[in-house]
Amino acid sequence: MSAMSKNVWIIALIGLILGASIGYFYRPPALFIGKLPFDVVISRGGNLKGFDQIYLEIAKTSFNYLLTGGIVGAIAGMKITKNISKKVN
């Protein structure tokens, strides 16, 4: 693996983490309780029991925000790194 290819993957990982973080912070609030905790979001509501299952759709939507942010961040990181490498070469 070349050094440039390694840098692209490192920046993509950083973009993934940043994008997922942004997606997590912009997740929609649930009625009456606000934003769901991380463990509920990451499990897509799989650990909700009893009456709390009314928040299942919000948990799934919140997870989708996290996932979408991570994917967009990773792609943006890869594109930025490739564009910078083209300008340097």
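Start at Gly-46, in the loop between helix 2 and helix 3. This is a predicted model. Gly-46 counts as exposed, because its relative accessibility is 55% and the cut-off for exposed is over 50%. Now add Leu-56 to the selection. Gly-46 and Leu-56 are 10 residues apart along the chain, and their C-alpha atoms are separated by 7.9 Å.

**Arg-44, in the loop**

Select Arg-44. Arg-44 also sits in the loop between helix 2 and helix 3. Check its backbone: phi is near 55°, a positive value in a residue other than glycine. Is Arg-44 buried, exposed or partly exposed? Its relative accessible area is 35%, so Arg-44 is partly exposed.

**Ala-59, in helix 3**

Go next to Ala-59, which lies in helix 3. Ala-59 counts as buried, because its relative accessibility is 0%. Show what surrounds it. Neighbours within four places in sequence aside, Ala-59 is in contact with Leu-36, Val-40, Val-41, Arg-44 and Gly-45. Arg-44, from the previous stop, is thus one of its contacts. Then select Pro-37. Ala-59 and Pro-37 are 22 residues apart in sequence, yet 9.2 Å apart in space, C-alpha to C-alpha.

**Ser-62, along the helix**

Stay in helix 3 and select Ser-62. Ser-62 is buried, with a relative accessible area of 0%. Which residues does Ser-62 touch, leaving out those up to four places away in sequence? They are Arg-27, Pro-28 and Val-41. Val-41 is also among the contacts of Ala-59.

**The whole of helix 3**

Now select the full helix. Helix 3 has 33 residues, which at 1.5 Å a residue should span 48 Å. Its end C-alpha atoms are 48 Å apart, so the two values agree. Colour its buried residues: Ala-59, Ser-62, Phe-63, Leu-66, Gly-69, Gly-70, Gly-73, Ala-74, Gly-77, Thr-81 and Ser-85. Look at the spacing as you go. An α-helix has 3.6 residues a turn, so residues three or four places apart point the same way.

**The largest nonpolar core**

Which residues make up the largest nonpolar core? Select Ala-20, Tyr-24, Ala-30, Leu-36, Val-40, Val-41, Leu-48, Tyr-55, Ala-59, Phe-63 and Leu-66, 11 residues in all. At least two residues of this core come from each of helix 1, helix 2 (38-42) and helix 3 (56-88). Helix 3 gives the most, with 3 residues. In soluble globular proteins, nonpolar side chains tend to be buried together.

Pick out Ala-20 from this core. Leaving out residues up to four places away in sequence, Ala-20 touches Leu-66, Gly-69 and Gly-70. Those three residues are among the buried residues of helix 3.

**Phe-32, in the other loop**

Move to Phe-32, in the loop between helix 1 and helix 2. Is Phe-32 buried or exposed? At 77% relative accessibility, Phe-32 counts as exposed. Its phi is near 75°, a positive value in a residue other than glycine. Arg-44 likewise has a positive phi.

**A patch on helix 1**

Finish on the surface. Select Ile-10, Ile-11, Ile-14 and Leu-18, which form a nonpolar patch. Together they have about 340 Å² of accessible area. Zoom in on Ile-11, found in helix 1 (residues 3-25). With a relative accessible area of 33%, Ile-11 is partly exposed. That value allows Ile-11 into a patch, because patch residues need over 30% relative accessible area.

Note on methods:
Residues are numbered from 1 along each chain as its sequence is written. This is a predicted model: local features need pLDDT of at least 70, side-chain atom pairs count only at pLDDT 80 or more; totals for chains, interfaces and linings use all residues. Side-chain values use heavy atoms; hydrogens and water are left out. Patches are made of residues with over 30% relative accessible area and no salt bridge: like charges are joined within 9 Å, nonpolar side chains (Val, Leu, Ile, Met, Phe, Trp, Tyr) within 5 Å. Accessible areas come from the Shrake-Rupley method with a 1.4 Å probe; for residues, only the protein chains shown count as cover. A salt bridge is a side-chain nitrogen of Lys or Arg within 4 Å of a carboxyl oxygen of Asp or Glu. Helices (H or I, at least four residues) and strands (E, at least two) are DSSP runs, numbered from the N terminus. Buried means under 20% relative accessible area, exposed over 50%, partly exposed in between (1.4 Å probe, protein chains only). A nonpolar core is a set of buried Ala, Val, Leu, Ile, Met, Phe, Trp, Tyr and Cys residues joined through side-chain atoms within 4.5 Å. Contact means heavy atoms within 4.5 Å. The expected span of a helix is 1.5 Å times one less than its number of residues.
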